[in-house]
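Below are some notes for a colleague who is meeting this model for the first time. Please read them with the structure open beside you.

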Amino acid sequence: INAEYGQRAANRCEPNKPVSIEHLARLGVYYRKMNPATMLDEVCEPVRPSACGAKISEVERFMQIMGYVTKDEVCCSPDKLENYDQKLKNFFEEHIHEDEEIRLIKDGSGYFDVRDERTAGEPWVLSLIHI
């Protein structure tokens with residue numbers, strides 16, 4: 001990893017160039033703010049109600065609306081993520097996700113880069129996500 005553009009460096013334009021939620025949506029990034037304390041509580045009506053009338057979480061309802069079928073949970077903490085330093089290096093390397101996915105931030109913060117090939121000279125949008 002280049003020391004000037006390291007995984008813990010700011011890695012942003014100077015001066016900073018804010019990007020709107022609408023711009024992110026045009027890139028296929030959809031933002032939804034949920035309450036971390038309640039977003040997994042089963043209190044919502046499903047998009048397609050079942051015969052048993054079971055409730056689902058806000059996250060599961062959003063997944064139904066977007067057509068997502070899988071989710072996983074990763075805790076990016078040195079004491080909870082095996083091979084933490086290597087995983088951080090992997091996260092920093094450009095990679096493609098074949099399927100659309102949900103990134104649920106329950107605690108802390110993280111950066112997500114999204115390629116914006118329509119922007120001349122600056123093909124990346126760096127998003128800081130935090131609780």
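1. Tyr-68 is a good place to begin: in this predicted model, Tyr-68 counts as buried, because its relative accessible area is 13%, which falls under the 20% cut-off for that class. Phe-62 is likewise buried, with a relative accessible area of 9%.

2. How many aromatic pairs does a search of the whole structure find? The search gives one, and this pair is formed by the rings of Phe-62 and Tyr-68, whose centres lie 6.4 Å apart and whose planes stand at 75°, so the arrangement is edge-to-face.

3. Phe-62 and Tyr-68 also belong to the largest nonpolar core, a set of seven residues in which they are joined by Met-34, Met-39, Val-59, Met-63 and Ile-102. Met-39, one of these core members, touches Met-34 and Val-59, and it also touches Ser-57, Glu-58, Leu-104, Ile-105 and Lys-106, when residues up to four places away in sequence are not counted.

4. Helix H2 spans residues 58-66, and within H2 the residues Val-59, Phe-62 and Met-63 are buried. Seen down the axis of H2, these buried residues fall within an arc of 100°, so they line one face of the helix. The element against which the buried residues of H2 pack is strand S2. After H2 comes Gly-67, whose phi is positive and near 85°.

5. Strand S2, which covers residues 56-57, contains Ser-57, a residue that is buried with a relative accessible area of 2%. With residues up to four places away in sequence left out of the count, Ser-57 touches Met-39, Leu-40, Asp-41, Glu-42 and Cys-44. The contact between Ser-57 and Met-39 therefore links a buried residue to a member of the largest nonpolar core.

6. Which two side chains meet in a salt bridge? They are those of Glu-45 and Lys-55, at 2.3 Å from N to O, and the structure holds one salt bridge. Both residues lie in the loop between strand S1 (42-44) and strand S2 (56-57), so the pair ties together parts that are ten residues apart in sequence. Glu-45 counts as partly exposed, at 45% relative accessibility, and Lys-55 is also partly exposed, at 37%.

7. Turning to the loop between helix H2 and helix H3 (84-92), one finds Leu-81 there. Is Leu-81 buried or exposed? Leu-81 is buried, with a relative accessible area of 15%, and, leaving aside its neighbours within four places in sequence, Leu-81 is in contact with Val-74, Cys-75, Cys-76 and Lys-87.

8. For the chain as a whole, there are three helices and four strands, and from the N terminus on these elements run in the order α-β-β-α-α-β-β. Buried residues make up 18% of the 131 residues in the chain, and the accessible surface comes to about 10500 Å², of which 50% belongs to carbon and sulfur atoms. Among contacts between residues at least 6 apart in sequence, 40% join residues at least 24 apart.

Terms used. Residues are numbered from 1 along each chain as its sequence is written. This is a predicted model: local features need pLDDT of at least 70, side-chain atom pairs count only at pLDDT 80 or more; totals for chains, interfaces and linings use all residues. Side-chain values use heavy atoms; hydrogens and water are left out. Helices (H or I, at least four residues) and strands (E, at least two) are DSSP runs, numbered from the N terminus. Buried means under 20% relative accessible area, exposed over 50%, partly exposed in between (1.4 Å probe, protein chains only). Contact means heavy atoms within 4.5 Å. Accessible areas come from the Shrake-Rupley method with a 1.4 Å probe; for residues, only the protein chains shown count as cover. A salt bridge is a side-chain nitrogen of Lys or Arg within 4 Å of a carboxyl oxygen of Asp or Glu. A nonpolar core is a set of buried Ala, Val, Leu, Ile, Met, Phe, Trp, Tyr and Cys residues joined through side-chain atoms within 4.5 Å. Rings of Phe, Tyr and Trp (its six-membered ring) pair if their centres lie within 6.5 Å; planes under 30 degrees apart count as stacked, over 60 as edge-to-face and the rest as tilted. The arc is that of the directions from the helix axis to the C-beta atoms.
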